[in-house]
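User: I am new to this structure. Could you show me how to read its features, one by one?

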Amino acid sequence: MSSGTRPAPARQPASAERAFAEPVHLAVSGEDGQLPAGRHRLAPALPAAAMPRTSSTKSPTQTHANGTRKMPKGCTRPTSVRMTRRTITRRRSRGVLRGSARGVAERRAELRHHVLRDAWTVVKRFGAQGVVNIEKREIPCVNEAVMEGYLDDHQRLVLAALARGMGCRTFFEIGTNRGRTSWTVARNNPELEVYTLDVPAQAEASGLALGLQTDDLEAFRPGPVCGEAFRDTAEARRITQLLGDSATFDFSPWAGAIDLVYIDGAHTYDYVRSDTDNALRMLSPTGTIAWDDYGSNPGVYRLVNELAPSLDRPIHHIFGTRMAIYSNCDFVVRRPFDHHGSLPTV
Ligand SMILES: C[S@@+](CC[C@H](N)C(=O)[O-])C[C@H]1O[C@@H](n2cnc3c(N)ncnc32)[C@H](O)[C@@H]1O
């Protein structure tokens, strides 16, 4: 640029930016009207005209550049214009409570479903002595992962990241359903062989070796829908679809050969116990078992909690997922609790 070029005029801030660019007053809460160092809460500046006329502000005083009055030396801003932190919090809480009261009245069923269910799930997590609660960020291979797959249930992506991070070569899923997990895990692990088991097309729930519960009846998926997510995909050639009742299926060909077993078939205690016995037999020396619905299903919760003390290594429950994990690999790096590093899961 030549020295004769005029400097560009300063850009006018957009209205929102301008609002922030304008001088603001500190909302004060200390006795002397000052905030302790490092704990600054900003409140928007009041224009001079909006300042209440109190005895302390009646007489003509000096003003700041933005038109607001300077407080005489030794004076604090009048209480009526001071927005203390407590006031702001109280007002916000009142707003939230008022909104909630309206929401509770109008959407009772939804509240029961979400709030009570989630609260109960969290309580159950703390009630399980033998299972270690961990955050996703405590699993380095999950925390750093970039995955591709179905987001209707992000747990599929966590599983795919575990498979990759642990260098798995074989994956066995009990309970295929549409096949979204099988496909997601295969898609992100190009070397992986996938086996996935579900009931045969003509199967009836009443014909299974062990009973099903209501949730299982809703998810019972024999027929063409089973495995539709991977059918005709590039990954399909690495996915073997198996058909049978998991309580009577012969798992022996995979004994000691599976690096990651995902148990997500029927969720009654008896089925989960039978599937877990088979999973333990299929496990490779560096293998891992993931149980779906640990936090949400009583049958899985009971079985996993009972099993945990008898194993040589801990079972971990990953917050933000429904999964409990047992592994022959060290995949967790514990970190001190830090509520900034932990986001709400609901
Ligand atoms: C919750 S779904 C599985 C979801 C699937 N894993 C996914 O991530 O998308 C449960 C599946 O288990 C199957 N299932 C139920 N009882 C079974 C049994 N006894 N043996 C094999 N599969 C069973 C159901 O047909 C259903 O497709």
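User: At what angle do helix 6 and helix 7 pack?

Analyst: Start with two axes and ask for their angle and spacing. This is a predicted model. Here helix 6 (residues 155-165) and helix 7 pack at about 40°, and their axes are 8 Å apart.

User: What does that make helix 6 relative to helix 7?

Analyst: Angles from 35 to 65 degrees fall among the oblique ones. Helix 6 is therefore oblique to helix 7. The handedness is a separate reading: helix 6 and helix 7 cross in a right-handed way.

User: Which residues of helix 6 and helix 7 meet?

Analyst: Look for the residues in contact on each side. Helix 6 brings Arg156, Leu157, Leu159, Ala160 and Ala163. Helix 7 answers with Arg180, Thr181, Thr184 and Val185. Sorted by class, this contact holds five nonpolar, two polar and two charged residues.

User: Where is another pair, and how do the axes of helix 9 and helix 10 cross?

Analyst: Read this pair in the same order. Helix 9 covers residues 269-282 and helix 10 covers residues 298-307. Their axes come within 8 Å and cross at roughly 45°. That angle makes helix 9 oblique to helix 10. The crossing of helix 9 with helix 10 is right-handed.

User: Which residues of helix 9 and helix 10 meet?

Analyst: From helix 9 come Tyr269, Val272, Arg273 and Thr276. They meet Gly299, Val300, Arg302, Leu303 and Leu307 of helix 10. By class, the contact has five nonpolar, two polar and two charged residues.

User: Now the ligand. How many residues surround the ligand, and which are the closest?

Analyst: Count the shell, then pick out its closest members. The shell has 21 residues. The closest are Gly175, Asn177, Thr181, Arg221 and Ala266. Thr181 also appears in the contact of helix 7 with helix 6.

User: Which elements each supply at least two residues of that shell?

Analyst: Helix 7 (180-187) does, as do strand 5 (193-198) and helix 8 (214-219). So helix 7 has two roles here: it packs with helix 6, and it supplies residues to the shell around the ligand.

User: What classes of residue make up the shell around the ligand?

Analyst: There are seven nonpolar, six polar and eight charged residues.

User: Last, the whole chain. How many helices and strands does it have?

Analyst: Tally the elements before turning to burial and contacts. The chain comes to 10 helices and 10 strands. Of its 346 residues, 27% count as buried. Take contacts between residues at least 6 apart in sequence: 65% of them join residues at least 24 apart.

Technical notes. Residues are numbered from 1 along each chain as its sequence is written. This is a predicted model: local features need pLDDT of at least 70, side-chain atom pairs count only at pLDDT 80 or more; totals for chains, interfaces and linings use all residues. A residue is near a molecule or strand if its C-beta atom, placed from the backbone, lies within 6 Å of it. Helices (H or I, at least four residues) and strands (E, at least two) are DSSP runs, numbered from the N terminus. Ala, Val, Leu, Ile, Met, Phe, Trp, Tyr, Cys and Pro count as nonpolar, Asp, Glu, Lys and Arg as charged, and the others, Gly among them, as polar. A residue is buried if 20 or more other C-beta atoms lie within 10 Å of its own, exposed if 12 or fewer, and partly exposed in between; C-beta atoms are placed from the backbone. Two residues are in contact if their C-beta atoms, placed from the backbone, lie within 7 Å. Axes are lines fitted to C-alpha atoms, for helices over the stretch in contact, and angles run from 0 to 180 degrees between N-to-C directions. Angles under 35 degrees count as roughly parallel, over 145 as roughly antiparallel, 65 to 115 as roughly perpendicular and the rest as oblique. A crossing is left-handed if the near helix is turned anticlockwise from the far one by less than a right angle, and right-handed if clockwise.
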